[in-house]
Amino acid sequence: MSQTFRWQRTHTCGDLRPGNTGEQVILTGWVQSTRDHGGVIFVDLRDRWGRTQVVFHPEDAALIEQAKRLNMESVIGIRGRVVERPPEMVNPQIETGRVEVVADRLEVLNRARPLPFVIKDPPEALEETRFKYRYLDLRRPAMQRNLLLRHRAAQVVRRYFDENEFLEIETPVLMKSTPEGARDYLVPSRIHPGKFYALPQSPQTYKQLLMVSGFDRYFQIVKCFRDEDLRADRQPEFTQIDVEMSFVDEEAVFTVMEGLMSRLFRETLNREIILPFPRISYDEAMLKYGLDRPDLRFGLEIQDLGDLVPGCGFEVFEQVIRSGGAVRGFRLPGAGTFSRKQVDDLTAFVRNFGPKGLIAVQFQPDGVKSPVSKFVAAGWMERLRSRFGVETGDAVLIVASDKKGVCDALGNLRNKLAADFGLIDRSRMAPLWVTEFPLLDWDSGENRWVAMHHPFTAPRPEDIPLLETDPGKARARAYDLVLNGSEIAGGSIRIHQSGMQSTLFRLLGIDAETARRKFGHLIEALDYGAPPHGGIAFGFDRLVTILAGESSIREVIAFPKTTSAISLMDGCPSEVEPAQLAELGLKWITS
């Protein structure tokens, strides 16, 4: 085995074509497979650019013996001459499939140990095994395509913003801890005992300060960190495209971001998307789709039945409406033939979100089948049929509960049924803006208002009087960009006057001293000529996941953590030496 590589490759494993026939070439890469056909050895040699078939003929006994001893995934270099394959031997599955290299020299640069799993697409190894040996998993063509796509997307982002006069400015990674929402990752200071830095959950205050500084247009592809409770498909560290602009309103932000999305789709997927994107309010999204991140690639729109309930005869519905709740449902084509077990399974699913049950009204050829049929007034089922445009064989699925429970249950049921019954048009990209979110949300556990987005979001001007009289009804100048049912970006027009910022802090239960201690630098800066400004942050991992057609963000991150925030490959988080803790003035206390 060679310790020093004596050759320089002339081509990559994805380069060679019939036009290279007769050339002597040097290739390097990994042995993907070997085959012995009657003493002739065929080796598929792979690198990041592709795959080339290398042939070893038995005339050279020493060379053929070397080739026979090659291990899967060993790193080799070969020298040889390019020849065209016979027509019947052409491999149309690879770019180099019309040629092969007849080798006259082989050098083993590093012989691989037996592999813990076969490197192939789709992977057969468990995800835990793939993560433990991530450097091997990353050799799979699918993973290499995903990371190449991620790279290209990042370059598109940088080019687009540069062309539109944005400045890429780096903000600190060690910052002040100002927990509002998720927990901070804390970094103890050795130089200042007892004090801590935090890793940024977002560069929010810094990018606002850059607007105060007069830079006008800022962006950054930035790492952020959140010490969240364990959730599926979340990472403790993630990447976002962070953007801030001065002297803008919502529409100005939308226009620039739609341009970015159009460029991304065109240059990474060669697809055009229709501009401008649809815009719907938060209230409309919750009413029609049950969730504030609706998937518009299928129908099943939810309708409110509150006007049909009075006098309907079914006391459960009437009591829910009297108590301020909601009765809503949607039509599911073909569900009129659902079995009792199928309806029971959907009912159990709905109960996961709070409501006590699901009412299925099935319109069958011989009549209406429903557990409420004997309770409702004559003619009510026909009114229901008319409301939803029901055809025979359909069903209307109804939930009655508090408004939040109804939205959660029907929104998630809508998504589940669309996926289960193939109703989603996977060829479509369906972006939209969701606007006019509530400014505040009541946290019954803490018995106080919390910011629906973050405490620097401006209220809508017409709702400012509500801050003193009915804060829960005030709407924010906040917006989310949703793509295929996933929130890929969120932002807002910011508060740019210190008085309004202090009002928001007061409503959030943050007293003046706490506000000064946590955010004093920002409040003070607002008094030195802060322009009106707004911005947005894209979840870059989620966006690339959608572009790549993957279902998990872990498939587009080179070295992801597990759902329990562990890196199986290098064993972090890990214990540290007592001397390191002592140097930081820390001591581990076991409970």
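Of the 591 residues in the chain, 48% count as buried, where buried means under 20% relative accessible area, exposed over 50%, and partly exposed in between (1.4 Å probe, protein chains only). Before you click further: this is a predicted model, in which local features need pLDDT of at least 70 and side-chain atom pairs count only at pLDDT 80 or more, while totals for chains, interfaces and linings use all residues. Residues are numbered from 1 along each chain as its sequence is written, and side-chain values use heavy atoms, with hydrogens and water left out.

**Whole chain**

Switch to cartoon: you get 16 helices and 22 strands, taken from DSSP runs (H or I of at least four residues for helices, E of at least two for strands) and numbered from the N terminus. The C-alpha trace spans about 95 × 75 × 55 Å along its principal axes.

Now colour by domain, with bounds from an automatic or database domain assignment: domain 1 (18–110), domain 2 (126–251 + 536–574), domain 3 (278–296 + 426–530) and domain 4 (298–424).

**Domain 3 against domain 4**

Show these two domains; their C-alpha centres lie 32 Å apart. At the interface, 10 residues of domain 3 are in contact with 12 residues of domain 4, contact being heavy atoms within 4.5 Å. About 1100 Å² is buried between domain 3 and domain 4, 49% of it on carbon and sulfur atoms; buried area is the accessible area (1.4 Å probe) that two parts lose on being put together, summed over both. Select Leu 287, Tyr 289 and Arg 426: they supply 43% of the area that domain 3 buries against domain 4, more than any other three residues. Don't hunt for salt bridges across this interface, as the rule finds zero; it asks for a side-chain nitrogen of Lys or Arg within 4 Å of a carboxyl oxygen of Asp or Glu.

**Salt bridges elsewhere**

The chain's count by that rule comes to 50. Start with Arg 46 and Glu 73, whose closest N and O atoms are 2.8 Å apart. Arg 46 sits in strand E2 (residues 40–47) and Glu 73 in the loop between helix H1 (61–68) and strand E4 (75–84), 27 residues apart. Both Arg 46 and Glu 73 are buried.

Next, pick Asp 137 and Arg 134, which meet in a salt bridge (2.7 Å, N to O). They are three residues apart in helix H3 (residues 134–137), so about one helical turn separates them. Asp 137 is buried at 0% relative accessibility, and Arg 134 is buried at 1%. Add Asp 121, Arg 130, Arg 140 and Glu 555 to the selection, and you have a network of salt bridges that includes this pair.

**Helix H15**

Jump to helix H15 (540–548). Seven of its nine residues are buried: Phe 540, Asp 541, Leu 543, Val 544, Thr 545, Ile 546 and Leu 547. Among the elements they pack against are helix H4 (141–163), helix H6 (250–269) and strand E22 (533–539). Just after H15 comes Gly 549, with a positive phi near 70 degrees.

**Out to the surface**

Continue to Phe 559, in the loop between H15 and helix H16 (578–583). Phe 559 is partly exposed, with a relative accessible area of 48%.

For a last stop, select Ser 323, in the loop between helix H8 (315–322) and strand E13 (326–332). Ser 323 is exposed, at 54% relative accessible area. Draw a C-alpha to C-alpha distance from Ser 323 to Val 248: 42 Å in space, for 75 residues in sequence.
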